Amino acid sequence: MAPRSRKKVPTNSILLGDCLEQLATLPDASIDMVFADPPYNLQLDGDLLRPNNTVVDGVHQDWDKFSSFEAYDRFSRSWLAECQRVLKPNGAIWVIGSYHNIFRLGTALQDLGYWLQNDVIWRKTNPMPNFRGKRFTNAHETLIWAGRDQSARVTFNYESMKASNDDLQMRSDWLFPICSGPERLKNATGRKAHPTQKPEALLHRIVLACSNPGDVILDPFFGTGTTGAVAKRLGRKWIGIERDPEYAGAAQFRIDEIRQLPPSSLDTLPSKRAEPRVPFGTIVELGMLSPGARLVDERGKYRAEVRADGTIAHAGRQGSIHRLGAEVQGKSACNGWTFWHYEDRGELQPIDVLRQEARQHLGLTRPEPMVLMAAE
């Protein structure tokens, strides 16, 4: 039998069967990102009733039932270990859960050597009320984003996330409604096809933030195929694993109706941190700033002079644009490219403008999408 690492990756398909059995068929290091919405192990005792005594259509299927926490933990560690095996060296996983299971999953992730990047709170705009009146309304779910291990350089399209958030850093608390209306899939009887269908908006943000067009995204608990639908629309490849034929059928029908967006609309903003490096000395060597030129901060409080070796000087101190910028402010670090400014036609411009011009002059091409070291 051929090694798993040499097998063909069955992209854009649903693997019907047990999660662990189907994961075992996938090649090593073949997946860029995993999104997992595993059983919550809700431990429900009897039906949940509304005040009018009607039954809440919640999660009561056998796939969410485990004999004990120990059984749930064994299952969780097994599928997480398989996901770790199939992830590429720089691959990452997203796991979503509620207070019933997310803490156990977090422990398992760390014990297996995954490296946690963030936990994200999905705050629901329209959560289900707490009908019994014995607890706070459960208005959020928690997602964990983790690299395959500590050395993984996970994809993060930071600039795109910031731009989509009105040029503010994207926070780790996200506001989305639960899946409802036309997006909620219904079965032949008119009831919801799956009790925990996730909104496409949630997956849209995750897929755009942490993958690139052409990447392979695996969902080991595919359900009605939200991950596959979003992945296809955004130009990613997908693999779904689902043991329930009815869920799989609904997912396949749904995904077949999806049209991929034009490739030109899928470009993400390049990360400034990932752009080709241009030292400040190159700016001086190219004559874009001459030795003796004056630099100031945006408010004109600090002044420095450019030296021929690419350093700058202020009040008897000399160093790089970063080191001297930090020293004059009494800080431990400083981004000199945005702190120091030069005068252009009577207006102050950050010297970062000159760095961009230097890249164009040197013919440096657009870099690959941003990746982050797990420890950053």
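**Reading a predicted fold, piece by piece**

Trainee: Let's start with helix α9: what covers the buried residues of α9?

Mentor: The cover of those buried residues includes α8 (280-285), β11 (303-306), β12 (312-314), β13 (317-319) and α10 (336-339). Covering goes by contact, meaning heavy atoms within 4.5 Å. Helices (H or I, at least four residues) and strands (E, at least two) are DSSP runs, numbered from the N terminus. A word on the model: this is a predicted one, where local features need pLDDT of at least 70, side-chain atom pairs count only at pLDDT 80 or more, and totals for chains, interfaces and linings use all residues. Residues are numbered from 1 along each chain as its sequence is written, and side-chain values use heavy atoms, with hydrogens and water left out.

Trainee: Which residues of α9 are the buried ones?

Mentor: Buried means under 20% relative accessible area, exposed over 50%, and partly exposed in between (1.4 Å probe, protein chains only). In α9, residues 321-329, the buried ones are Ile321, Leu324, Gly325, Ala326 and Val328. Look just past α9 too: glycine 330 has a positive phi of about 70°.

Trainee: And alanine 315, is that one buried or exposed?

Mentor: Alanine 315 counts as exposed, because its relative accessibility is 68%. You'll find alanine 315 in the loop between β12 and β13. Its C-alpha atom is 8.8 Å from that of arginine 303, twelve residues apart along the chain.

Trainee: Now helix α2. What end-to-end span should its 18 residues give?

Mentor: The expected span of a helix is 1.5 Å times one less than its number of residues. For α2, residues 69-86, that comes to 26 Å, and the end C-alpha atoms are 26 Å apart, which agrees.

Trainee: What sits over the buried residues of α2?

Mentor: Their cover includes α1 (19-23), β2 (31-36), β3 (87-97), α3 (102-111) and β8 (216-219). The buried residues of α2 include Ala71, Tyr72, Phe75, Trp79 and Leu80, and also Glu82 and Arg85.

Trainee: Charged residues in there? What do they pair with?

Mentor: Side chains of opposite charge can pair when their charged atoms come close. We call it a salt bridge when a side-chain nitrogen of Lys or Arg is within 4 Å of a carboxyl oxygen of Asp or Glu. Across the whole structure, a search finds 16 salt bridges. Take arginine 85 with aspartate 28: their closest N and O atoms are 2.5 Å apart. Arginine 85 belongs to helix α2 and aspartate 28 to the loop between α1 and β2, so this pair ties together parts that are 57 residues apart in sequence. Arginine 85 counts as buried, at 16% relative accessibility, while aspartate 28 counts as partly exposed at 31%.

Trainee: What other salt bridge involves α2?

Mentor: Arginine 104 pairs with aspartate 73, with closest N and O atoms 2.8 Å apart. Arginine 104 is in helix α3 and aspartate 73 in helix α2, so parts that are 31 residues apart in sequence are tied together. At 30% relative accessibility, arginine 104 counts as partly exposed.

Trainee: Where can I see a salt bridge between strands?

Mentor: Try lysine 124 and glutamate 141, whose closest N and O atoms are 2.9 Å apart. Lysine 124 lies in β4 (residues 115-124) and glutamate 141 in β5 (residues 140-147), so the pair ties parts that are 17 residues apart in sequence. Lysine 124 and glutamate 141 are both buried. Elsewhere, salt bridges with shared partners join Asp28, Glu82 and Arg85 into one network.

Trainee: How do I read strand pairing?

Mentor: Two strands pair if DSSP finds at least two bridges between them. β2 and β3 run parallel, joined by five bridges, with phenylalanine 35 opposite tryptophan 94 in β3. β2 also runs parallel to β8, through two bridges; there, methionine 33 has isoleucine 217 as its bridge partner. Six of the six residues of β2 are buried.

Trainee: Which way do the residues of β8 point?

Mentor: Val216 and Leu218 point one way, Ile217 and Asp219 the other way, and all are buried. β8 also pairs with β9 (residues 237-242), in the parallel sense over four bridges; aspartate 219 stands opposite glycine 240 there.
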